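User: Please take a close look at the charged side chains, at how they pair and how accessible they are. Go on from there to the other contacts, in one connected account.

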Amino acid sequence: MSKKILLEMHHVHKRFAGVHALNDVSFELREGEVHALLGENGAGKSTLIKVLGGIYQADEGEIHIDGNKVEIKGVEDAKKNGVAIIHQELVLVSHMTVAENIFLGREFGKGVLVNRRKMNEEAQKLLDEHQVHIRADVLVGKLTIAQQQMVEIVKAISQNSKILVMDEPTSSIADKEVEFLFETMRELTKRGVGIIYISHKMSELEQICDRVTVMRDGMYVGTEVVKNTTKDKLIAMMVGRALENYYTRDYHEPGEEVLRCEHISDGNMVKDVSFHLKKGEIIGFAGLVGAGRSETMKAIFGLTKDVSGEIMINGGKVKVTSPVEAMKHGLALVPEDRKQEGLYKVQSVRFNMTIEVLEQFIKGISVDDKKEIELTQKYIDMMSTKTPTQMQKIGNLSGGNQQKVIIGRWLATNPNVLILDEPTRGVDIGAKSEIYVIMNELVKKGVSIIMVSSELPEIINMSDRVYVMAEGRVTGCLNHDEVTQEAVMLLAAH
Amino acid sequence: MAQIKKKKSELPVSDNKGLMFLRENLGILIALAILCVLLSFLPATSSSFLSSQNIFNVLRQISTNMLIACAMTMVIILGGIDLSVGSIIALSGVIAAGCVARYNLPIAAALLAGVLVGTAIGVFNGFVISTTTIPPFIVTLATMNIARGLAKVYTGGSPVRVMSKQWQFIGGGYVGFIPVPVIIMVIAVVATALLMNKTKMGRHIYAVGGNAQAAVFSGIRVSTVKFTVHVYAGLMAGIAGIILASRMYSGQPTAGEGAEMDAIAAVVVGGTSMAGGAGKIGGTIIGALIIGVLNNGLNLMNVNSFWQDVVKGAVILLAVFIDYIRNKNA
Ligand SMILES: Nc1ncnc2c1ncn2[C@@H]1O[C@H](COP(=O)(O)OP(=O)(O)OP(=O)(O)O)[C@@H](O)[C@H]1O
Ligand SMILES: [Mg+2]
C-alpha cells in the first residue's frame, strides 16, 4: 500500500469531566481506502470523529491533512479541509424538506433569495442517482429512520469531500440499502476519496474495508489489514480477551400459552397478523425493513389507534388500548428507535433507568434513594454500561451505552412478556453476547420473549420459533430445527 | 455473562444533595450574595436593608411571585408556558372582593371563591392543552386576554373595595411576627418541592418535558400530567390573587399585570431550560429572591421606577449569561 496519506491524527487526547475519552490516539487514512474504526461502546470512536469534524477540540494532539498541519476549530474548518461526516445521531432538521436538509448551509440562489425549484431538482437528482426512493420536497420528519439515514448519507456524499466519515451508517437501514451504500462507497474510493467507517457489524468489515484500527477504553490498540487478520483476533483486540460462545441458548420445553394474537390489523401497515407465544419461549420476527414487524408490536402494545383483532393473555381475552394497560398485563416493549422513543436526553442515567419502575421506591411523597441507587446499579452492571456516575447526563454517554440504559429500563419492569425490537442494534459485540445471555436467563425464569430483528444470525440462533413477515402479513412460521437463512429469505420475499 | 468483562463499580451510597444544590446554583447564589452584601454596605441602603422589618417586607413582596414561579417552573419543565397567570390574579382578586362587597358573603367563602375561579381557568387551560395539540403559548395567551377582560367587565374597570380588618389578614396580617403571605409562600414552596422531587408525578413532568414520545412508550399518561400542571398553575395564581387583593383592600382589574413575566424571569434566572425537561425548584427560589431583593434595593435607593425596569432586565440577562458560560465550559 503506497497510496498517498490523506489524514493523520497524532497523539490525540480528549478529556470530559470524569472521562478520559481519548488517550493518546493516533490514526491514519490513505487515499482511496475504507478504514474501519472498531471498538466497544464508549471506546471513543465517535469522540475521535467529532474531534476531526470540529465538534470537539482536542486537548492535545495534531491533525495533518495532505501532509499539512491543520487547526480544526469548528465545523466550518472541517468542511474547508474537505471532511464530511455522517454522525451517529441523525442531525437532520425535521420540519424542513429533504432538499433543504441536503443543501443546508449551501442553499442555491442569488444573494439572500433561495431558488427553491433548482434546489429541489438538484436534490432529487442526487437521491435518484443513489437509488433512494424519496421525494425531495417532503418534510424530513415524515420519513422513517432508515430513510432519514439515507438522506444523511446522500447529504454527506454530495459535499464532494476527500475525507468521508460514516459513524454507524448501517445500524438502521435495510440490506438492500446497505448494498447500494457499499456500491457508492466503492465508487467514491475509486475517485480517491478516503472513508472512515464505524460499525459494530463485523461481517461488513470483510465486505467493504481495507484496514481496521481498533480502540479500547479511549486508547489506540492497533491497526490491521483486513485481509490478513481474523474476526477472532479483532474481537480479542477490542474486548481484551477471546470471546467464546457468542450465542447462549439452552432450549427447553416451553410451558403454557401466555399470549395469543389473532387477526391483528392496524388499518395501515399490519394486515391480519396471528401468532402465539408460550411461557419460557423466544419467538423471532424476521423480515425486511418495512415488513410491518415493529408496527405489529406497537399495535399489541397499545400504541396504535383502531387496532382490530383479538389479544389473549394467559387464555383470557383482553383489550389493550394504551401502553399503561399493556404494562398492567405484564407486557414490556423495548422500542426500535430508542433515541426518539426512549431517551430523556437532558436527564441522568439514573432518571432514565428508573422512570418505569418508580412505584418500587416512591411511595406517596417518600423516596427510597438507596433502593433507587441499587436498582440503577444492578442494571448498569447487568448491561455492562460504561458511565462515570449514575448522575451523568445520558446524552453524554456513547450511543451504544445509551441503548444499554434504555434496555435496562425495560428489564427492570420484570415483565412476563418482553418485546425486544432490534435489541442489539448499535451495541458492541461483547454487549450483544451479554444480551443473549440475559435473554437466555430470562426465559429460563419463565419470561417469554418476542424478538424483532433484522440480524438473521441472532434470529436463527436464539429463537424457538421464527415468524416471517412480508408486507404486513405473516408469511410463515419456522420451528427452531427448520430455520435457515434461505428458508427465512424465501418467506421474507413473499 | 461471566466470561465477559464484569467491572462491579462500587455503589455510591447516596448523593450529597446539599453539595449538588450548591454546585448547580453557584452562579446565581454568588449573584444573590453580592447583591445582599452591596445593599448592606451602600450608604443609601445600609441602615434599612438588614432590618428585620425590611427582610420580612422583601419576603412579603416576593410571595406572590414565588407562588406563580413555583407553578411556572413545572409548566416550563413540561416544555410549555403559562401566560394567563397574571390575569388570573386580577380575576380571582376581583371575584373574591366582589363576593364580599356585592353579595355580602363571609370572607372565608369569598376567598375560597377567588381561589376556585383561578383554579377553574387552570382547568380550562389544562383541558385544552392536554386534549389538543394547540401550543400552550397560544392557549394561555387567549385565556390571558379572556381573564383580564372578564375582570374588567365585572368591575367596570375600577377597583372593588373591601374595608375590613379580617379581609386584610391573608395579605397583610401576621401570625406572631411572621407575615401571613410569607407563611403561605413557604407552604407552597415546600409543597411544590415535594411534588417535583418526591412523587411519581414529579418524575413524569420531567419525562414528558424531556421527550413526550418516550413518555408515551413508558406508559406515562401524558395528558394527565399536562392537565395537572396547568390546574396547579391556576390554583397558585388564584391564591396569589387573593393575597394581593387582601393586601390592597380591593380587587383590582389591573392587578398582576406582567406578573407572568416576573415569574418566567425567576424561573429562567433559576436555571430552568425553556426547552423543557430540566430544571429545579431550588433555582427558582433563588431566582425569585434575586428579583425581589433587587426590587427592594432599587426602592430603598429611590431609583426612578422607569430605570428600575432597565436594571431588572439587565440583571436577568446577566444571570442567564453567566449560566450560559458555565454550561459551555462544563
Ligand atoms: N460530551 C461528553 N461529555 C462527557 N462524556 C462524554 C461526552 N461525549 C462522550 N463522552 C464519553 O466519552 C467516551 C467515549 O464516547 P464515544 O461516543 O466516543 O464512544 P463510541 O466509541 O463512539 O461508542 P459507541 O459504539 O457506543 O457509539 C464514553 O465513555 C462517553 O461516555
Ligand atoms: Mg459512537
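Analyst: A:Arg260 has a relative accessible area of 24% and counts as partly exposed; buried means under 20%, exposed over 50%, and partly exposed lies in between, with a 1.4 Å probe and protein chains only as cover. The model is predicted, so local features need a pLDDT of at least 70 and side-chain atom pairs count only at pLDDT 80 or more, while totals for chains, interfaces and linings use all residues. Residues are numbered from 1 along each chain as its sequence is written, chains are lettered from A and ligands numbered from 1 in the order in which they are written, and side-chain values use heavy atoms, without hydrogens or water.

The partner of A:Arg260 is A:Glu262, and their side chains form a salt bridge at 3.0 Å, N to O; the term requires a side-chain nitrogen of Lys or Arg within 4 Å of a carboxyl oxygen of Asp or Glu. A:Glu262 is also partly exposed, at 22% relative accessibility. By this rule, 34 salt bridges are counted over all chains.

A second pair in chain A joins the side chains of A:Glu100 and A:Arg116, again 3.0 Å from N to O. This bridge links distant parts of the chain: A:Glu100 lies in helix α3 and A:Arg116 in helix α4 (residues 116-129), 16 residues apart. Helices here are DSSP runs of H or I with at least four residues, strands are runs of E with at least two, and both are numbered from the N terminus. The two ends fall into separate classes of accessibility: A:Glu100 is buried at 14%, whereas A:Arg116 is partly exposed at 48%.

A third pair sits within one helix. A:Lys370 and A:Glu374 meet in a salt bridge of 3.6 Å, N to O. They are 4 residues apart in helix α13 (residues 369-382) of chain A, which separates them by about one helical turn. An α-helix has 3.6 residues a turn, so residues three or four places apart point the same way. A:Lys370 has a relative accessible area of 49% and is partly exposed, as is A:Glu374 at 36%. Elsewhere, bridges with shared partners join A:Lys4, A:Glu31, A:Asp66 and A:Lys162 into one network.

The metal site comes next. The magnesium ion (ligand 2) has two protein donors, A:Ser46 through OG and A:Gln88 through OE1, at 2.0 to 2.1 Å. A:Ser46 is in helix α1 (residues 45-52) of chain A and A:Gln88 in the loop between β6 (83-86) and α3 (98-102) of chain A, so the pair ties together parts 42 residues apart in sequence. Donors are N, O and S atoms within 2.8 Å of the metal (3.2 Å for Na, K and Ca), and since water is not among the atoms, sites may look incomplete. Both donor residues are buried: A:Ser46 has a relative accessible area of 15% and A:Gln88 one of 16%.

A:Ser46 also belongs to the surroundings of ligand 1, where 22 residues are found and A:Lys45, A:Ser46, A:Thr47, A:Ser398 and A:Gly400 come nearest; near means a heavy atom within 4 Å. A:Gln88 places a polar side-chain atom 2.9 Å from an oxygen atom of ligand 1. The side chain of A:Asn41 has an N or O atom 2.9 Å from a ligand 1 oxygen, and a polar backbone atom of A:Gly400 is 2.6 Å from an oxygen of ligand 1. On its own, ligand 1 has 650 Å² of accessible area, and the protein covers 92% of it. In chain A, β2 (19-30), α1 and α14 (399-411) are the elements that give two or more residues to this shell.

Another glutamine, A:Gln148 in helix α5 (residues 145-157) of chain A, is buried at 16%. A polar atom of its side chain lies 3.3 Å from the backbone oxygen of A:Val140, and one lies 3.4 Å from the backbone oxygen of A:Leu143. A polar contact is a pair of N or O atoms within 3.5 Å; within protein, one must be able to donate a hydrogen and the other to accept it, and residues adjacent in sequence count only if both atoms are side-chain atoms.

Helix α9 (residues 293-300) of chain A has 6 of its 8 residues buried, so it is largely enclosed by the rest of the structure. Among the buried residues are A:Arg293 and A:Met297. Just after this helix, A:Gly302 takes a positive phi of about 80°.

Conventions
Areas by Shrake-Rupley, 256 points an atom, 1.4 Å probe, with all protein chains shown as cover.
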